[in-house]
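Student: I have a structure to read and little time. Can you walk me through some of its features?

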Amino acid sequence: MKTSQKSVLPASNKDITSEWLSGVLGANIQIISLIAIGDDAGFMSDVFRITLQSEEDSAEKHLPATLIIKIAAADEKRQAAATAYRSYQKEVQFYQNIASQVGVRVPYCYFHACNVAGDRFALVLEDLGQWKTVDRMSGANFKQTMLAMTTLGKLHARYWGGTIRDIPGFTEGYQVAAEELSIMIPAVLKDVATYANSVAFLLHYSQNILSLLPRLQQQQQTLNHMDFRLDNLRFTDDDTEIILFDWGEFAMAPPGYDLAHFLTTNIEIENRRQWEEAAVALYHQTLVREGVLGISLAEIKDSYQQCIAPSFYV
């Protein structure tokens with residue numbers, strides 16, 4: 001039951017009341033618990049799991065016993081960052097216009113709304129608590145990595161080469177990130193002496209990010225999640241299906257963005273070295289199987305390599 005009807009948007013968890021939720025979902029709902037979830041440092045939103053009075057009481061409206069609610073971050077810095085990247089507006093836009101068409105599993109959205117300024121929003125989403133998480137520090141195993149590649153291939157194939165009115169281009173967020181990185185990277189690395197070659201590369205990159213933009217724009221564009229990592233994925237117990245959430249950064253971008261972000265930051269280094277060729281090849285095979293023509297494996301590898309540095313921040 002998706003809706004974008006106008007409603008007072010919660011400014012904090014204190015505003016997430018039984019009365020508010022009953023109003024936006026059109027059901028008589030009693031919230032019996034509201035618990036904050038997630039790591040504040042990794043979220044631009046405040047996220048809560050709510051428990052409803054009982055499954056029986058919500059059966060008429062087909063509501064589950066628990067739901068997830070996302071609202072604007074109470075922390076001013078996180079809220080400012082989300083507003084700069086239009087993250088709240090984009091995630092509402094995704095569930096309003098795009099979610100049903102992406103060809104991969106995403107959470108069901110019961111309610112979505114955002115104000116005009118883009119600094120306050122609310123989503124009521126399916127709770128994914130029963131799905132398996134994979135620790136990013138431990139990294140994905142081989143089966144999970146290959147499943148991620150087929151999932152990405154299906155997602156990217158759906159919008160391959162299109163110019164979609166409802167999907168923003170990546171350049172907007174890229175330019176914001178470029179300005180931040182040009183300041184942040186030198187500040188972070190100024191006293192770092194180890195891994196001198198890597199430090200020199202990152203310093204050079206931080207001052208020349210925008211010069212890479214034309215090369216990225218010349219590539220084939222498709223719908224990218226733009227934060228495709230284990231923290232935003234959940235798996236079935238047998239690792240046969242992925243559900244993908246946190247859509248506040250999606251954009252039309254080169255295919256290498258999602259590909260590079262996952263393979264370089266979600267797999268142990270030695271495993272990546274062993275699996276990289278097979279992973280990129282499977283991604284390409286999935287594109288072809290889903291109907292994408294005229295793109296070679298060599299072109300996919302080139303996009304992947306060009307997007308490795310930009311994907312660090314995305």
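Tutor: We will take burial, ring pairs and contacts in turn. Keep in mind that this is a predicted model.

Student: Start with burial. How many residues of helix α9 are buried?

Tutor: The general idea is a cut-off: a residue is buried when its relative accessible area is under 20%. Now the case here. Helix α9 spans residues 256-265, and 8 of its 10 residues are buried, so the rest of the structure largely encloses it.

Student: Which residues of α9 are the buried ones?

Tutor: They are G256, Y257, D258, L259, A260, H261, F262 and L263.

Student: What about T145, buried or exposed?

Tutor: T145 has 0% relative accessibility, so it counts as buried. It belongs to helix α5, residues 142-158.

Student: Which residues does T145 contact, beyond its neighbours within four places in sequence?

Tutor: The partners of T145 are A140, F262, L263, I267, W275 and A279. Two names should look familiar. F262 and L263 are among the buried residues of α9.

Student: Now a strand. Where is T51 found?

Tutor: T51 is in strand β2, residues 45-52. Its relative accessibility is 22%, so it counts as partly exposed. The cut-off for buried is under 20%.

Student: What does T51 touch, not counting residues up to four places away in sequence?

Tutor: T51 touches Q30, I31, I32, S33, A65 and T66. Take A65 as one case. It is 14 residues from T51 along the chain, yet the two C-alpha atoms are separated by 5.9 Å.

Student: On to aromatics. How many aromatic pairs are there?

Tutor: Two rings pair if their centres lie within 6.5 Å. By this rule there are 10 aromatic pairs. One of them joins F94 and Y95, edge-to-face, with 5.1 Å centre to centre and 80 degrees between the planes. F94 and Y95 are both buried.

Student: What are the distance and angle for F170 and Y174?

Tutor: That pair is 5.8 Å centre to centre, with 90 degrees between the planes, and is edge-to-face. Both F170 and Y174 are buried.

Student: Which residues do ring pairs link into a cluster with F94?

Tutor: Ring pairs link F94 with Y95, W247 and F250.

Student: Which charged residue sits over the ring of F250?

Tutor: That is K90. Its charged end sits over the F250 ring, 5.8 Å from the ring centre. F250 therefore appears twice in our reading, once in the ring cluster and once under the charge, as a charge counts when it is within 6 Å of the ring centre and within 35 degrees of the ring normal.

Key
Residues are numbered from 1 along each chain as its sequence is written. This is a predicted model: local features need pLDDT of at least 70, side-chain atom pairs count only at pLDDT 80 or more; totals for chains, interfaces and linings use all residues. Side-chain values use heavy atoms; hydrogens and water are left out. Buried means under 20% relative accessible area, exposed over 50%, partly exposed in between (1.4 Å probe, protein chains only). Helices (H or I, at least four residues) and strands (E, at least two) are DSSP runs, numbered from the N terminus. Rings of Phe, Tyr and Trp (its six-membered ring) pair if their centres lie within 6.5 Å; planes under 30 degrees apart count as stacked, over 60 as edge-to-face and the rest as tilted. Contact means heavy atoms within 4.5 Å.
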